[in-house]
Structures are given as C-alpha cells and as structure tokens.
Amino acid sequence: MTTVRETGGPAKAPGRPAPFTFAGKPRYGERVIRVLLALAAAVTIATTIGILLALIVPALGFFREIPVTDFLFGDRWAPRFAKASFGVVPLITATLWTTLIALVIAVPFGLGAAMLLSEYARPGLRKILKPVLEILAGIPTVVYGLFALTFVQGTVFRQWLGLGTGAFSVLAAGVVMGIMIVPTVASVSEDAMSAVPQAMRQGSAALGANRMQTTLRVVFPAALSGIIAAIVLGVSRAVGETMIVAMAAGSQARIVSGPLEQGQTMTGFIANAALGDSRVGSIQYDTLFAVGLLLFLITLLVNFVSIALVRRYRQAY
Amino acid sequence: MIKDTDTDVPVLKPEEEARLHEQHGVPVHVAPTQKRGKNNDRVTDAILTCEDVNVFYGDFRAVTGVDLDFARNQITALIGPSGCGKSTLIRVLNRMNDLIDGARVEGKVTFRGVDMYAKNVDAIEVRRRIGMVFQKPNPFPKSIYDNIAYGPRVIGMKVANMDDLVEEALTGAALWTEVKDKLKQSAFGLSGGQQQRLCIARTIAVKPDVILMDEPCSALDPIATTRIEDLMAELRRNYTIVIVTHNMQQAARVADRTAFFTALADEGTGDRTGVLVEYGTTTQIFESPRDQRTEDYISGRFG
Amino acid sequence: MTTGQRSVLDSVKPLGYRGKKLSGEKSPASLVFLILIWAALAVSFIFLLVLIITTFVEGFAVMRPGLFTNYPSSSPRDAGARPAILGSVWVVAVTALLTIPLGVAAAIHLEEFADKHNKFNRMVELNVQNLAAVPSIIYGLLALAFLSMLGFQNKNVVIGGAMALGLLIMPVIIIATREAIRSVPQEIREGSMALGATKWQTVWRQVLPSAVPGIATGSILALSRALGEAAPLLVLGGLVFVSFDPDGIMSQFTTMPIQIFNWSSRPQAQFHELAAAASIVLLVLLVLMNALAIYIRNHYQKRW
C-alpha cells in the first residue's frame, strides 16, 4: 500500500495506541466561507434597509417643511417655481392613467397569450413562441420610449389618426408600456395555469367539456390567484416604469383628465428633476426622495400582494 | 486476521477498544452483552451497533426502536417490504440523514465503540470511514480517473502516487481491465453496471472500514447484478458491508447475516413506522425463521 | 381553492347533455375563442415587428462610422456615441465584477447552506423576491443617497452607476443561480458527501462546475438588463455632456440608453434619427448577448 491515511484522531499517547475517535479537523476555512456566503446573502437585506434609509431620511427633511397632507392631497405640483407647491395629486393622476392604459392592453393580451401557450400550444410551438414573447421583455425601455414618442404618438396618433394631441400623451406611453408588460403577465399566469393538475383537465374533458370550456371554467378559476398575481406584478412594473413615461408622457405636472393629455408621472418627475443639479439637503433634493418613498411604498404593497398570491397557488398544488 | 487500512489506529477486539477509551478518558459506549429479545442475538465481533434507534422526519417516525449489530468483515443484508425503514436506517449508519431537512435520529449508533451521533463527532469523518453506494449509480460528471481521485483529494489523503491508487481501487472493484484504456473519458460513457462498480471503486479509494450499499443493483440488469454480487464477496475480505436489498434471493446469495424489517401501523394514528422483526444468520432467517411475519415474507405470502 | 373546484361541477354540463348547439371543439364559440387568443399573441408580435422595423428605417440613414467614433455634438451631423459606448462597456463590466460573485455567493448560501426554517433565511428569500420587483429608479435614488453620504460632489461616476445597476440585477442573478444549483441532482451531492467531502468541497467541486452554464446564462441575461437600463443612471445625473472617454471607476460617464434618451428629447428630427441609430446598436448588442446566453444554455447545460 502506497498510501498513508491522515487520521482525524487525537494525538497518540506514547507507548500505547490511541483510541479511535471521530474527532475531525477544525475546518476553519469552511467556517470562514460559510460566513462569507451568509454575508453575501445579507447584502440583499442591507439593500432593502439601505433603500428605506436612503428614502426616509431625506423624505423626513421634506416633511418637516411640507405637511404630509399638503403633499398627499395638494393638487398643484410646482416644486421648482418661485411660489413652490408640493401637491402630489397631479403626479398620481398621470401614474394612474398610464398604469390603467397599460393594464387595458397588457391584461387581455397577456392572458390570451398565456392561455394559448398553456392550454393550446404543443410543446414544439411553445418552444418557439415563448422566446419571441420574451424578446418583448428584453427590449430596453429607452427604445420603447423612443418608439412611443416618435412612431406611436408622432406618426400614428397625430399623422394617421389626426388626434388632437400634442407632442406627448399618457395614451402613447400607456399603450407601449402595456405591450412591454405583456410578457410579464403572460409568463406568470402561464406558470399558474400550467401548475393546475392535469387530472382537473381530464376530469372536465370526461364530463364532455371542450377545450375552451375547460380553459375558461376549470383552469382559469383554478389558477386565479396566480393570474391575479401576474396582473398585480404588471401593475408594479407599470407604476415603476420610468423611461417610457419620461420620454412619451410629457413633463408638465398637471392633473390629467383624459388619455390624450400629457402628464408627468411620479417616476417621470424623479427622472426629470434629477437632471437639474439639486443641491444635497435642498428642498428640491428632498422632494425627489419624498416622491421616491411614495413610489416605493406603493410598489412594496403591490409586490407583497403578488408574492402572497403566488405562494397561495404554489401551496394549493 | 483483520486487515485495517488505518495505520495509526489498529483494530482491536471490542473489549480492548473499550478499555483503551476508558484509559484515555474518551467517552465510550460499552455494548451490553446480554441477549436482546428472542429474535435478535448479539453479534460477538460487532463494528457497528444500533441501540434503540428511532428516526424521525419532522413529526413522522420512520423507524422505531431498532437494536442491531453489524459484524466485522461480514455482509449484513437488510430486507423487508417497501416503507419498512431499511433505506432510512442505512442512511443513519453514516449520518447521510444529516443532509435531509428535518431528519432526526434518537438512540445510539456506535462505530468501534464510539457514539457517532455524539456532540464532538465530525459527521464528515464518519462518512470517510463509512462509505456508501447508492441505489442509482451516481458517477460525477468527470473522467473515470477523476471520479476515483476525487475522494482521496477532498479528504486530504496523502497519496504517493495517485495513478497507483486509481488502479488499485479500480482493480478492487473489478473494473480495471475494462476501463484502463479510457481513464480520461467521461464516466457517463460507461454502462449502468460499470458505473455502479465505478461508484464502488470510488468508495474503496478512500479506504473506508464499512461500505453501505442501498439497493445497489436495483437499477441494473441480471448480468451486471451478478458481477456486483461477485464483487461483494471479494470485498468482504477487507470491508464490512451492509446492504439494503429488495431482492430476497440476493440477500440469500450474498449475506452472512440478514435482518428482516417490516412496517407497523400505529394503532392510534395509523401512521406506519419501520421496525426490526428478526435478525440472525442468513441461513437461520431463510430456513428456520422464528417470527411468523418473517416466514410469511420469505415464503412470499406477504410484501 | 375551493371556489375553483366548485365551479368545475357547476359549470360543466353532465354527461349525455348535448343541448341544441355544437359543444365540441369546432363550435363557433370555441373557434372565436381560439382566434382571440391567437390574436393576443399575434398583436404582440406585430407590435414587436413594427418597433424593430420603424427603428431600423429611421436609424439606418444615419448609421455611419462617426456614430461609433465621434463625441457628442450640438450638430446632428457630427454627433457620435463613442463615450456612451465606452461608458456602457465600463459600467456593465464593473457591474459584472461586483455583482456576479456576490449574487452567486448569496444564492449558494440560500440553496446549500441556509436552514430553510431559520427566520433570517426566510426573510432573505422574501426580500429577494421583493427586490426583484422594486422599480429601477429607486436603485438610482439609493445610489444617489449613498454617494451623497460619502461626500461625492459628482455622483455620475462609473462606480456609482455600477452600484445602482449591480444592486438592481443582483436579485436576478440570485434567482437564476438558485435555479441552476437546484437542477444539479441531489445524488451528486450525496455521492460526494459519502466519500467524506465537506459541504463546501461538494459545492465547490461538484455543484458549481455543473451549475456554471446556468449561472452564466442567467448572469448574461441580467447584464443585458443592466446594459439597457437608463433610469437609475439618470437619477445620478447621467445626462451630462461627456466629451471624453471614461478611463476608470471614478470617471464621469454616459451610456448608450442615456445617449438615446438625450437625443430623443431634443426637438430636431435628425437627433431622433441618431437616437434610432443608437437604438439599433443597442439592440444588436443585446441580441448578441442573448444569443450567447442561449448558446451556452444549449451547448453546455448538462442533461441529467
């Protein structure tokens, strides 16, 4: 035998053979690595705490000067004017318009695509269709923004349809954003529908239901919490999307009362305001974070609803 | 003469080993010598012992109250119907259960007199001493050579010449002549039976004392199965082997001793748990079982 | 989901019921439904096609070498995206160096070492899910606040951008890596542990090598997201006139998406054409990155 085994046993007592034990090496390296890995995971927690602190601290500075009620319910947003006003309602109306328009596009198209992929398409077809759909999710938002601004708003709405609208509109931004969100809604709801047990479909078919009836009356209700999660996730994407609205929705913060008007969303404001070099600690600088905090809290709420719904259907099957 | 691969720690008779532990102040479990119930005799030269072992997965009790000794340099087969806890028990014997979330072992499992579930025991060290071959051949996605060399490398074995060790391990697993010209090729290119022998070679390369085999032939055809069985008879000279098998004929062919397990339903909850029914020499178990359940199983009336 | 199950019985007609209309796959309602869901997908695809075609048509005219070699200019004829292209390369490279090791390490912790019942680990898990859906612009605000705290006068530096983008894509890398690690069969881990390998040895020598293709694919896709992202950089003040090549992590920079935003926000149509041309460059880069990711996935992914 050419090998000598390293033993983990204790030091040999002189003259006598040492007893057998299972004492191992201390393995300090292993412990250090475990700590490092856990620290890397802790970075994600630090990120969340960092986000909260980064937003809350300047926002507190903001709310020391502007009462929360003036911020939340004021209907005039003019943070840079000499006679400044900080009512966030105009930004919220613009965000609501673009989000609603986006959902009107994304929900039917996303769910239709999901039903096709989950219930109708053969595996081979699905393998082709899904990646194409995912390309939509991979296109940079500035490219969407440019498209919304020049083609959808400029060419289609103004030249072809002759709509009475200016250079920007919440409609153009919302429609393009809706298409951008289609893959999100489609893939999450397709997951939910695919998770519905095959036995339920077979049971339905055995009762004489056709595929459409099975899809709409068996699969759809069974996957409902996942489908709602998909829509909620779509809402979160739409509320948080920045570039499309910054480029195509406009930059005037006014209460939006129709889809052809222009308007500035919460994200649009942050993107535009950051262009000017606000001094750290100035009210303009703090305003960014106050709006950011509101945006974060809205998406946080929406995300948790979505995560909770997804967990529900994961547990169900 | 018992051959031990460990040059530093010679193998002693259990009593001697116990005395030595006492001298060194190492906590030691002294195996009781009395008889253990009517169907379960003590093994005189036990290397591994189980005493009142219970295994839980969360709240579910998979194995209940197992007393079982494994004799040195013998092949012990664990047989019984599905769900009788035999595969669970074999994973207790080298602490593979540690890797399963929620698994918990109660009772005492000793190897050479040392409680292997004691606090100061390093589970890694346990697995180095007590190797395992699995149900499905699981070669690493590496070359044949690297599959063998992996174990010695990770445990920091001082190897003078790795090529020699690889050859020795492959020869020991009766695989050398078949693969000696393609050591650098992927292990995935081997047949199922060859892959399983590679896994055995990989295990003996780290020079364990005990080899646990969890239904090693269940994924193999009859010819490959025969080769593994022949190999086990060879390995028996240097290693203690514990094998879980579904196949009674296999137990009868290869094992020196056989333990029969069954699943009992709890009267209250209806939960099934594995228990040891009878343990003895293979001849005794198969020819004159003392328990009716063993007899029913052996004669094919049950399971 | 009791409501869902109840509706199965409520809505499906009992066996033998045929009604007066066709109820098979060829009934008019069925066909209309099928056409509608196909239309849903078709409209999305047509939209994609129109987007690509209009961008190419608009930008193709101004696709010229100067686009790659010139610095920005107030004259559309001379303007180029050279600093933006280099800036994108810098930021994405630094992002990759910062984030991939961190994300992979976090994923290893969660997948291999973390006690799933431990509160901290469950919190991390929930947290990662939430971070993946936090608006990108919030990461810009985080980096802005962080750099302000450190006393940076100029926040539009490569390391700042890389920090914002890195934290943004970290959840994506974590999720992809976990997926890749999970696809390595348990038997491989058991085989390694049964030989006396430690947990880390098993992870480092068996699990990770097998998971590398999946990790690489996920990381490339995450980086392609970073490449196309503009909002967080805008918050850092990325919309500045950069007429020099970035040369280090403390260098000022601009990126392709920011340049596109910049050009498209000008009133002159020629600048919109430049924006379209830059979009083409960005799209081509993204297609190449995705192709690489798919290639790795198809050629190196192990089938167990």
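Begin with chain B as a whole, where buried residues make up 50% of the 303 residues, a residue being buried if 20 or more other C-beta atoms, placed from the backbone, lie within 10 Å of its own, exposed if 12 or fewer, and partly exposed in between. The model is a predicted one, in which local features need pLDDT of at least 70 and side-chain atom pairs count only at pLDDT 80 or more, while totals for chains, interfaces and linings use all residues. Residues are numbered from 1 along each chain as its sequence is written, and chains are lettered from A and ligands numbered from 1 in the order in which they are written.

Colour chain B by secondary structure to find 11 helices and 11 strands; helices (H or I, at least four residues) and strands (E, at least two) are DSSP runs, numbered from the N terminus.

Next, select residues 75-79 of chain B, which form strand 3; five of its five residues are buried, so this strand is largely enclosed by the rest of the structure. On one side lie I75(B), A77(B) and I79(B), and on the other T76(B) and L78(B), all of them buried. Add residues 240-244 of chain B, strand 9, which pairs with strand 3 in the parallel sense over four bridges, where pairing requires that DSSP finds at least two bridges between two strands. Then add strand 10 (residues 257-265) of chain B, which also pairs with strand 3 in the parallel sense over four bridges. Centre on T76(B), whose bridge partner in strand 9 is V242(B) and which stands opposite R257(B) in strand 10.

Now show chains B and C together: 22 residues of chain B are in contact with 16 residues of chain C, contact meaning that the C-beta atoms of two residues, placed from the backbone, lie within 7 Å. On the chain B side, helix 3 (123-129), strand 6 (130-133), helix 4 (144-154) and helix 7 (192-205) each supply at least two residues.

For the next stop, select helix 1 (residues 28-65) of chain A and helix 6 (residues 136-149) of chain C, which pack at an angle of about 70° with their axes 9 Å apart. The two helices are therefore roughly perpendicular to each other, a term for angles of 65 to 115 degrees. Among the residues making this contact are I51(A) and L55(A) of helix 1 and L141(C) and F146(C) of helix 6.

Finish on chain C, whose domain assignment gives domain 1 (21-60) and domain 2 (67-300). Their centres, taken over C-alpha atoms, are separated by 33 Å, and four residues of domain 1 are in contact with six residues of domain 2.

Technical notes
Axes are lines fitted to C-alpha atoms, for helices over the stretch in contact, and angles run from 0 to 180 degrees between N-to-C directions. Angles under 35 degrees count as roughly parallel, over 145 as roughly antiparallel, 65 to 115 as roughly perpendicular and the rest as oblique. Domain bounds come from an automatic or database domain assignment.
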